[in-house]
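Visitor: I am new to protein structures and would like a close look at a single part, the pocket. Could you take me through it and then show me what else is in the chain?

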Amino acid sequence: MNKQQLGLAPAMPSDGLLFGADYNPEQWPRESWPADIALMQEAGINLVTVGVFSWAQLEPSEGQWNFAWLDEVLALLHAGGIRVSLATPTASPPPWLGRKYPQTLPTDAQGHTLWYGSRNQFNPSSPKYRAAAAAVTEKLAERYANHPAVAIWHVGNELGQISYDDETACAFRRWLMDRHTSLDRVNEAWGTTFWSQQYSTWEEILPPRNAPYIGNPAQELDFKRFTSEQLVSLYRAERDIIRRHDSEHPVTTNMMGFFQGLDYFKLATETDFVANDWYTDPGDKQSWQLGALTHDLCRGLAGGNPWLLLESATSAVNWRPHNVAKEPGALRVDALSAVARGADGVCFFQFRQSAFGAERFHSAVVPLAGPETRVFREAAALGAEMAQLGELAGTASQALIAILFDWSSWWAAESAARPSDKLKVMDQLMAYYRPLLRHGLAVEVVHPDTDLARFDLVLLPNLFILAQEQANALKRYVAAGGHILVGPFSAVADTEAKLATGRFPRILSDVLGVSGEEWLPLAGPVPVVFTSPDAKLNLLDIHATLWSEDLELHGADTRTLAYFGCGRLAGKPAVTANPWGTGEAWYAGADLPGPALESLVMSAVRAAGIEVPVPQGLPDDVEAVQRGDKLFLLNHGPTTRSVVLPDTTSTTSTVTLAPHGATVLSHKRNRVHS
């Protein structure tokens, strides 16, 4: 763990927020660099990431170094008042490394080598790759630790590589020895008596390579954990080299939101601050909702402290099958959504659009058409606005509602041969999040080990793995007055992905007051009848479409909030609530349609005593977020929308939001009306 997390504060400007882009000067003639810096100044840019993909320029052949170009770039940037996030270039090794040391190249699960000619062609477990990465990091840190331009150290880029080669197999065995301490315990944890998989020597254990049929889910879970920890150790190794030379400037790396390949709760503890990449999909009109959830994950990873949006797009990307450009105004709205949810800065990939290479069609601050373009004008206007929002810098952005999420649980929940491929963790997470988003409620996505005392309501939309100590903490939380809402297929397995014996969810059945005997994926819609007095809800045609559970009440005071209307579960509970100590625990044993789930989530919010900023719900496509004394009203859609605000005289005022428009108000009140 990083014992001395510096936070983002040492990198912040004296006024305003951070605003910037990736800058790749090696792609452009040296003569253009001063003009680039002038355009940065015009756009209000105060931070650029440099060197992410420059290994081949820095070390064109083994042990031969060339820093002259980087010396000049950093000097120009410093003279222009531009801070630098200086990257280690280890995400994209030069071709000479792979050719001379083929063991540094990754191997896929089918045994195929992944060659140079792209990026990310490294094997995280290769000692030779690690030595080469350490060497270039050492050279950079030694040379630039005291350079006045350097404000942040940026390790690698979007860590996520996996390899199944023999060196990885050796590292995996060492990791298993540390985790399980003996081969007998590995066999026990993996349940290897199934299908005659018992291992008699360590050398028999391999990564989960391509096999004739379904693999061992516990082995696959452990390999995902191992791979994640290998990537964290890569980051840690480079960070520690930098720290020996520079203890003043923060070190981080860019995460990718809900990326399955790396446990960001573990990585976040090693960084000085959380940095994330998020690319809204303009072709998906609901993409902004996942963006909001991703920003709230960053809020949770940072413990409510400021974080940095390190990559985003000014317009279209190049890597989707169909790359829709952003509408005018969307650049600003997307950026302000991150700021509203705790970001102290917004950066783009990249500053100047590439004319060649795999990302030549990716948008940038300066398009190929030059600065006399809509995109550059919008970026420059945003830069001016970011300077005016400086009072938000450093402000905490904590919430009263938590969503519990765990990468190991996600991996295990979506392993092969489960009851239904249609019940997906991210779908459930979004389903439970949308009602909170629609009512302007702040959320933090946190790990189940988090101290929950500061939250009034905790949601577990689909937490497949729950450890006993985590279950005990939830029970203490509810007994002390907290409220929890648990979604289907939760608390199913232990940390080794073994299913609990007995009625599910066994380790939470007492606090929930309900237990089940069978998971029942549905062949077709089944009606769910709510007993709520909510007239609007009773008029809805409510059906579970994917999932049901055969449940039975066993708490003396457990209430049935909804029951199944027909079929084998007719009359049996679908949604329940149970008092426990001075709190309450709710359980949904079915997938519920949006309006019904919204009613359930908001009932839990009100029961927890949380004030609802937007009682009637926001108009479609509108986001309302309070940070400090600023209220951000953001319209992500193509239609003009109106939001009604109460003012200090108890009357109301209406804010009209243009299509893809935003308003930032000084506003201390919590309640907003649609």
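Guide: Let's begin with some vocabulary: Ala, Val, Leu, Ile, Met, Phe, Trp, Tyr, Cys and Pro count as nonpolar, Asp, Glu, Lys and Arg as charged, and the others, Gly among them, as polar. Please keep in mind that this is a predicted model. With those classes, the lining of the largest pocket has nine nonpolar, 10 polar and three charged residues. The space in this largest pocket comes to about 670 Å³. It is lined by 22 residues, and those closest to its centre are Gln 27, Phe 53, Ser 92, Ser 118 and Ala 358.

Now for the sheet. Nine strands make up an open sheet with parallel pairing, and their order is E5-E4-E3-E2-E1-E9-E8-E7-E6. At the edges stand strand E5 (251-252) and strand E6 (254-255); each has a single partner strand, so one side of each has no neighbour in the sheet. Further in, strand E2 (residues 47-50) pairs with strand E3 (residues 83-87) in the parallel sense, over four bridges. There you can find Leu 47 opposite Arg 83 in E3. Helix H12 (residues 374-388) lies across strand E1 (18-23) and strand E9 (343-348), and runs at about 140° to E1.

Finally, step back to the whole chain, which has 18 helices and 25 strands. Its radius of gyration is 26 Å, close to the 26 Å that the globule rule gives for 674 residues, so the chain is as compact as a globular protein of that length. The C-alpha trace spans about 75 × 75 × 45 Å along its principal axes.

Terms used:
Residues are numbered from 1 along each chain as its sequence is written. This is a predicted model: local features need pLDDT of at least 70, side-chain atom pairs count only at pLDDT 80 or more; totals for chains, interfaces and linings use all residues. Side-chain values use heavy atoms; hydrogens and water are left out. On a 1 Å grid over the protein atoms alone, a cavity is a set of points where a 1.4 Å probe fits but cannot get out, and a pocket is an open set with protein on both sides within 12 Å along at least five of seven lines; lining residues have an atom within 4 Å of a point. Grid points are joined across faces, edges and corners, and a volume is the space filled by probe spheres set on the points. Two strands pair if DSSP finds at least two bridges between them. Helices (H or I, at least four residues) and strands (E, at least two) are DSSP runs, numbered from the N terminus. Contact means heavy atoms within 4.5 Å. Axes are lines fitted to C-alpha atoms, for helices over the stretch in contact, and angles run from 0 to 180 degrees between N-to-C directions. The radius of gyration is taken over C-alpha atoms; the globule rule is 2.2 Å times the number of residues to the power 0.38.
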